[in-house]
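Reader: I am new to this structure and should be grateful for a close look at a single part of it. Please choose one helix and describe its ends and its surroundings.

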Amino acid sequence: MLHPTSSRLPLPSSLTALERTLVLGVVNVTPDSFSDGGEWFEPDAAIAHGYELLADGADLLDVGGESTRPGAVRVDETEELRRVLPVIEALAATGATVSVDTTRARVAERALEAGARVVNDVSGGLADPAMAQVVADSGAVFVAMHWRGHADVMDANARYDDVVLDVRDELAARVDALVGAGVDVRQLVLDPGLGFAKPGVDNWPLLANLDVLQSLGLPVLVGASRKRFLGHLLARPGVDPVPPTERDAATAALTTLCAAQGAWAVRVHDVRPSADAVRVVARWQDVRASRAAFSAPTGGALPGALPGAQQEGRPS
Ligand code: PMM
């Protein structure tokens with residue numbers, strides 16, 4: 001069920017060979033992110049947090065030095081570099097596959113030099129005209145998220161005719177522009193940009209119709225973790241929205257649904273529940289596929305073992 005183009009991404013074979021959705025663990029080196037602001041602002045704390053996420057089952061780590069929450073004030077480039085570079089360098093040195101969450105070409109370039117393998121740009125290359133060249137020259141994976149402006153203006157740009165089709169079309173235009181600028185289409189991953197210029201109601205159709213975005217023929221990453229629309233969904237008397245750390249179970253439920261739809265990766269803060277969820281979905285789909293394969297022509301019995309199933313470390 002995993003999107004077939006995922007295996008073409010320039011990533012280590014230990015990741016591209018996995019026949020399941022990948023889990024991208026979030027390492028926010030910021031004092032003000034909505035979900036975990038300040039918890040891992042010091043480099044040593046951020047590095048230690050990265051280790052914890054790997055131990056919990058993260059396949060990749062996404063290191064960011066600038067908050068993108070609505071209304072956030074931008075940090076300057078020097079400060080962003082100061083925050084992310086030591087963390088990326090230390091985590092990449094352990095063999096972890098590291099992504100840098102940035103909209104700045106210069107930060108992406110320095111992060112790749114420090115060992116990052118993925119550039120995760122919430123602006124899809126729109127914020128910095130130099131980004132496409134850095135991505136093209138490096139050959140790195142590029143996550144192009146749907147975006148309509150920086151945090152200070154994005155809420156004012158949240159008008160859609162049909163949010164699913166509009167996001168698909170705007171991302172298709174980004175793909176054309178990036179490929180036109182020299183990026184290899186096999187470097188690209190698309191992301192619907194949940195919560196970015198999208199009020200609560202607009203996030204659900206995007207989640208429930210990932211196939212529309214997948215119809216563009218590229219792997220899809222989903223970042224639903226702890227977002228405000230979940231906080232509203234889970235509201236209880238006197239608490240609306242519920243705080244970000246109370247949104248992790250709902251996040252894991254969405255990981256399951258995204259994995260079942262063939263998402264390439266999910267970006268999450270609390271890694272363990274999502275790492276478990278993607279393994280459950282993979283096993284579930286293996287069993288369904290093997291039953292279909294063995295029973296379809298003859299109506300015969302189920303096989304005793306799962307042929308070709310990707311068995312990971314844990315005992316079954
Ligand atoms: N969301 C946030 C930050 N970076 N990157 C991608 N590709 N997709 C997202 O949905 C996304 C992102 C905001 O969440 P945070 O402040 O908790 O990191």
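Author: The following account concerns helix 6, taken from its length to its ends and its packing. The model is predicted: local features need pLDDT of at least 70, side-chain atom pairs count only at pLDDT 80 or more, and totals for chains, interfaces and linings use all residues. Residues are numbered from 1 along each chain as its sequence is written, and side-chain values use heavy atoms, with hydrogens and water left out.

Helix 6 comprises residues 163-180 (helices, H or I, of at least four residues, and strands, E, of at least two, are DSSP runs numbered from the N terminus). Its 18 residues should span 26 Å at 1.5 Å a residue (the expected span being 1.5 Å times one less than the number of residues). The C-alpha atoms at its ends are 25 Å apart, which agrees.

At the N-terminal end, Asp162 acts as a cap, with a side-chain oxygen 3.0 Å from the backbone nitrogen of Val164. Just after the helix, Gly182 takes a positive phi of about 110°.

Between these ends, the buried residues (under 20% relative accessible area, with a 1.4 Å probe and protein chains only) are Val163, Val164, Asp166, Val167, Leu171, Arg174, Val175 and Leu178. An α-helix has 3.6 residues a turn, so residues three or four places apart point the same way. The buried residues of helix 6 pack against helix 5 (131-138), helix 7 (200-208) and helix 8 (210-214), and also against strand 5 (141-145) and strand 6 (188-191) (contact being heavy atoms within 4.5 Å).

Technical notes:
Buried < 20%, exposed > 50% of the residue type's maximum accessible area, 1.4 Å probe, protein only. Polar contact = N/O pair within 3.5 Å; in protein donor to acceptor, adjacent residues only side chain to side chain.
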